[in-house]
Amino acid sequence: MKIIDKLAARQTFSFEIFPPKGDLPLEKAYEVASALAQDRPDWVSVTYSAGGSGNSENTVPIAASLERDLGVTALAHLTCLGSTKADVDAYVAQLHESGVQNVLALRGDRRPGREAKDFSHASDLITYLRVQDPDLCIGAACYPEGHVESPDVEESYHSLYLKQEAGADYLVTQLFFDNEDFYRFREQCLRHRVKLPIVAGIMPFTSVKQIQRMAFTCGASIPAKVVKRLVHAGDDPADQACAGIEYACEQLEDLAVNGVDGLHIYSMNKPSIAHAAHAALLGCGYVSE
C-alpha cells in the first residue's frame, strides 16, 4: 500500500531499520524487522548505505521481506549522489519486482569519490522518478532547524518547495530534540507554500557521545532540558540510554496530541526502543491495540 494513502486515511506510526554493516549476517536484519512488525507499524523504512557503509545492496532484500514475509509496508531509501540514471532505473526495477511501492528520495551524504553524476539534489531525483514512474509513492526529507549545508533558513524552505513541485508526496523530518522547533517548522512550511503531509521523525539519544555526533552531523540543537537529563543520568551507559528513551517517549506523546500527520521512530535496529515508543503512544491513545 502507498504511504500517501495511509497518511490520507489516518495519523501514521512507523519505524526505521538499517541493513547490517560489515560482516553481520542479513538474517540479523530480518530478526529486527520481525520484532518491529510485532507493534504493527504503518510502515518501516529501510536505509540505503547509511553513513557510507556501502551496504545498500541489502536495502531491497530487507524491504521485500517486510512486504512478503511480514505483511508490513516498506519504504526503501534511495540516495542519488554518485548515481547515474541507469543505476536508479535498475534499483526501481528491483523494487517493483519485490512488490515495494514506496521510495524515500534522498541526495545522500557528500564524501570523497562520490561526486554528482546525473543528480545533484534530491529534487533532481524526485523529478526523474516522477517522470519515469508516475505511480511510485515518493517521500522526501526535511529539516526542522534547516539543512546543515543551507546558507540560511529561507534556502531550506525553498528546497522543500522544489521537492514538492518535483512530485514528492510527503515529507519525513530529520531528528529534533525540541518539539517547539517542529511546530514552528510546520507553520513556516505553510507560509512558504509547502503543503505536503509532514511526518515527525524522533530519534532517542542513547549516550552523550551519540547525541554529540548527531548534533554535529544533522545540525540539530541540544536543548538545556536534554543536557539536564544526561547530567542526571550520570556516567552509566544504561542510565543514559534509559534517559534518552524516556525523553523521546515524552516527545512522541506531546506530538501525538498536537495533530501531527505521522510519527516516525529512528529505532536504530533496537526493538526495545520501538516497543517503548509503541507503549507510550498506546498510553496516549495515538495507536490502538
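Does Arg10 count as buried, exposed or something in between, and what is its relative accessibility? At 38% relative accessibility, Arg10 counts as partly exposed. The views below come from a predicted model.

**View 1. Arg10 and Asp42 form a salt bridge.** The closest N and O atoms of this pair are 2.6 Å apart. The two residues come from distant parts of the chain, 32 residues apart. Arg10 sits in the loop between helix H1 (3–9) and S1. Asp42 sits in the loop between H2 and S2. Asp42 has a relative accessible area of 10%, so Asp42 is buried. Arg10, at 38%, is partly exposed. Side chains of opposite charge can pair when their charged atoms come close.

**View 2. Eight strands make a closed barrel.** The order runs S1-S2-S3-S4-S5-S6-S7-S8, and the pairing is parallel. From one strand to the next, the twist averages 30 degrees. Look for the place where S1 meets S8. Strand S1 (residues 12–17) and strand S8 (residues 262–265) pair in the parallel sense over 4 bridges. One of the residues to find here is Ser14, whose bridge partner in S8 is His264. Strands of a sheet pair through backbone hydrogen bonds, either parallel or antiparallel.

**View 3. Strand S4 is covered on both faces.** How many of the 5 residues of strand S4 (residues 102–106) are buried? The count is 5 of 5, so S4 is largely enclosed by the rest of the structure. Asn102, Leu104 and Leu106 lie on one side. Val103 and Ala105 lie on the other. Strand S3 (residues 74–79) runs parallel to S4, and 5 bridges join the two. Leu78 has Ala105 as its bridge partner in S4.

**View 4. Helices H2 and H7 lie across strands of the barrel.** Helix H2 (residues 26–37) lies across S1 and strand S2 (43–46). Its direction is at about 165 degrees to S1. Helix H7 (residues 179–191) lies across three strands: S5 (137–142), S6 (170–173) and S7 (198–202). H7 runs at about 160 degrees to S7.

**View 5. Helix H3 packs its buried residues against several elements.** Helix H3 spans residues 59–69. Which of its residues are buried? They are Thr59, Val60, Ile62, Ala63, Ala64, Ser65 and Leu66. These residues pack against S1, H2, S2, S3 and helix H4 (85–98). Just after H3 comes Gly71, with a positive phi of about 65 degrees.

**View 6. Other salt bridges are found along the chain.** The structure holds 10 salt bridges. One of them joins Asp69 to Arg68, with the closest N and O atoms 3.1 Å apart. Arg68 is exposed because its relative accessible area is 57%. Another joins Asp169 to Arg130, with the closest N and O atoms 3.0 Å apart. This pair links distant parts of the chain, 39 residues apart. Asp169 is in the loop between helix H6 (153–166) and S6, while Arg130 is in helix H5 (residues 122–132). Arg130 has a relative accessible area of 18%, so Arg130 is buried. Elsewhere, Arg229, Glu246 and Glu250 are linked in a network of salt bridges.

**View 7. Ile222, Val227 and Val231 form a nonpolar patch on the surface.** Together they have about 250 Å² of accessible area. Val227 lies in helix H9 (residues 224–233). Why does Val227 count as partly exposed? Its relative accessibility is 41%, and partly exposed residues fall between the buried limit of 20% and the exposed limit of 50%. Val208 is 19 residues from Val227 in sequence. In space, the two are 9.0 Å apart, C-alpha to C-alpha.

**View 8. Gln38 sits in the loop between H2 and S2.** Is this residue buried or exposed? Gln38 counts as exposed because its relative accessibility is 60%. Now compare its position with that of Ser221. Gln38 and Ser221 are 183 residues apart in sequence. Their C-alpha atoms are 33 Å apart in space.

Technical notes: Residues are numbered from 1 along each chain as its sequence is written. This is a predicted model: local features need pLDDT of at least 70, side-chain atom pairs count only at pLDDT 80 or more; totals for chains, interfaces and linings use all residues. Side-chain values use heavy atoms; hydrogens and water are left out. Patches are made of residues with over 30% relative accessible area and no salt bridge: like charges are joined within 9 Å, nonpolar side chains (Val, Leu, Ile, Met, Phe, Trp, Tyr) within 5 Å. Accessible areas come from the Shrake-Rupley method with a 1.4 Å probe; for residues, only the protein chains shown count as cover. A salt bridge is a side-chain nitrogen of Lys or Arg within 4 Å of a carboxyl oxygen of Asp or Glu. Buried means under 20% relative accessible area, exposed over 50%, partly exposed in between (1.4 Å probe, protein chains only). Two strands pair if DSSP finds at least two bridges between them. Axes are lines fitted to C-alpha atoms, for helices over the stretch in contact, and angles run from 0 to 180 degrees between N-to-C directions. Contact means heavy atoms within 4.5 Å.
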